[in-house]
Amino acid sequence: MIWKTKSTISNLFGLIMGVILLSATTAIYVTAKGEVDNAIPFIHQDTDKLNNLKDVSKSVLNYDLKKHCATDLAKMPNTPTEFLTYFNCGHVSQFKNGTVLREFSLIVREDKNVSLTMGNPATKTKAITYNAWTFNGTVPGPTMRMTEGDLVKIKVINQGKIPHSLHMHSIHPGAVDGTMFSNASGAIKPGESFTYQFTAAPSGLWPYHCHMMPLSLHVTKGLYGAMIIDPVKPKEKAVEMIGIMNGFDLGLNNATELPRLPTYEEAQQIMSGNDTAENALPQERDNHIYALNTVAFYYDVHPIQLKVNTPYRFYLVNMLDFDFANQFHIHGNVFKYYPSGIGENPMMVNDIVTLGQGDRGILEFKYTLPGLYMIHSHFESQSGRGWEGLLSVK
Ligand SMILES: [Cu+2]
């Protein structure tokens, strides 16, 4: 009962905060200069292999269409709403033996100012921005999508000042594991690149992230994203979305005890420290802002639009660092849950799932009753600091 009361207060507080933070601008992924960076190329093509390629078959193209693959590969999602349905299936080609080749490029930068709150010009509340490290300019990085059995090449180009790497969960050779024990793939020097090559398997939902040490620094700074390996046999038709639960450590020395966002002034004071060097880790690390897809309370102000009697498939990833656990709780409904997105039979039917660091799964649900429904972490410390939103079902 006590928990329920606290949670309700938290939710109300969050809703009020979300409305207060109503923003005039929706661009969240901005460059240091303030403009949206759409100029980053996402694809690369291995021209050496062109002679062995044939036209991509219709069945492959049709499946990509069903998977809602982005058609303009250079266009990046600019808001958490756009991020929900942004799936990048890479540059696709096909070998004469039928194997599908998917090529991706990820550019690492250490200079992106990402908005973590929305700000409100009416109340002169400025958005809190964070100097992030990014794959292709956004936090999280692009959601890469492929089919089990595809040959995948991910070229990682390091445009930062320190070494970075890419570690994909899923099955792959040790040589492309992307850690300090896997030679060239484990540390790409500034100005250099490395191409990670593997055959996509097994089908499921997999996080990817930089694996340089200290790991928590490279992850919390923003170098992570999701990779969906689809089964050869398509899943049942559903509207699909992706949500990555994340958080940001602002280096607060005297963290507020209340589950609320830091003010802009607090954040400015806090982030004056140098957090760009590997040895600059603060003594204690904690998250002061939590979110689904980076921006605190974003979906309170911009509810996720759903339709009644429509099946939804929600890819959920927990990329939160420092906290042992994170949660996804849905109101007014239940979901089928598939851990890691693997298998055809759900593990459970529930309205809440608790995930450890790096864990993820697929949620499938359908609303029959219209209305506004909350989604949030059931931990008050997380929902009160930004991880909550609304589903608007019509
Ligand atoms: Cu890194």
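**Exercise 1. Surroundings of S170**

Which residues does S170 touch, not counting residues up to four places away in sequence?

Solution. The model is predicted.
Step 1: place the residue in the chain. S170 lies in the loop that links strand 8 (167-168) to strand 9 (193-199).
Step 2: list the contacts. With residues up to four places away left out, S170 touches A201, W206, M227 and I229.
Step 3: compare sequence and space for one pair. I228 is 58 residues from S170 in sequence, and their C-alpha atoms are 10.0 Å apart.

**Exercise 2. Burial of S170**

Decide whether S170 is buried or exposed.

Solution.
Step 1: take the cut-off. A residue counts as buried if 20 or more other C-beta atoms lie within 10 Å of its own.
Step 2: apply the cut-off. S170 has 21 other C-beta atoms within 10 Å, so S170 is buried.

**Exercise 3. Layout of a sheet**

Work out the strand order of the five-stranded open sheet and describe its pairings.

Solution.
Step 1: write down the order. The five strands run 14-22-21-16-19, and the pairing is mixed.
Step 2: identify the edges. Strand 14 (304-306) and strand 19 (352-356) each pair on one side only. On average, neighbouring strands in this sheet are turned by 20° against each other, direction ignored.
Step 3: go through pairings in the sheet. Strand 14 and strand 22 are parallel, with three bridges; here I304 stands opposite L391 of strand 22. Strand 21 and strand 22 run antiparallel and are joined by six bridges; H376 stands opposite E388 in strand 22. Strand 16 (residues 325-330) pairs with strand 21 (residues 371-376) in the antiparallel sense over two bridges, and I330 has I375 in strand 21 as its bridge partner.

**Exercise 4. Enclosure of strand 22**

Explain why strand 22 (residues 388-393) is described as largely enclosed by the rest of the structure.

Solution. Count the buried residues of the strand: five of the six residues of strand 22 are buried, so the strand is largely enclosed by the rest of the structure.

**Exercise 5. Position of the largest nonpolar core**

Find where the largest nonpolar core lies with respect to domain 1 and domain 2.

Solution.
Step 1: describe the core. The largest nonpolar core has 85 residues, and V156, A296 and Y315 have the most contacts inside it.
Step 2: see which domains contribute. Residues come from both domain 1 (2-28 + 243-393) and domain 2 (36-233), so this core lies between them.
Step 3: examine A296. Apart from neighbours within four places in sequence, A296 is in contact with L116, T117, L261, I289, Y290, A291, R385 and G386.

Note on methods: Residues are numbered from 1 along each chain as its sequence is written. This is a predicted model: local features need pLDDT of at least 70, side-chain atom pairs count only at pLDDT 80 or more; totals for chains, interfaces and linings use all residues. Two strands pair if DSSP finds at least two bridges between them. Helices (H or I, at least four residues) and strands (E, at least two) are DSSP runs, numbered from the N terminus. Axes are lines fitted to C-alpha atoms, for helices over the stretch in contact, and angles run from 0 to 180 degrees between N-to-C directions. A residue is buried if 20 or more other C-beta atoms lie within 10 Å of its own, exposed if 12 or fewer, and partly exposed in between; C-beta atoms are placed from the backbone. Two residues are in contact if their C-beta atoms, placed from the backbone, lie within 7 Å. A nonpolar core is a set of buried Ala, Val, Leu, Ile, Met, Phe, Trp, Tyr and Cys residues joined through C-beta atoms within 7 Å. Domain bounds come from an automatic or database domain assignment.
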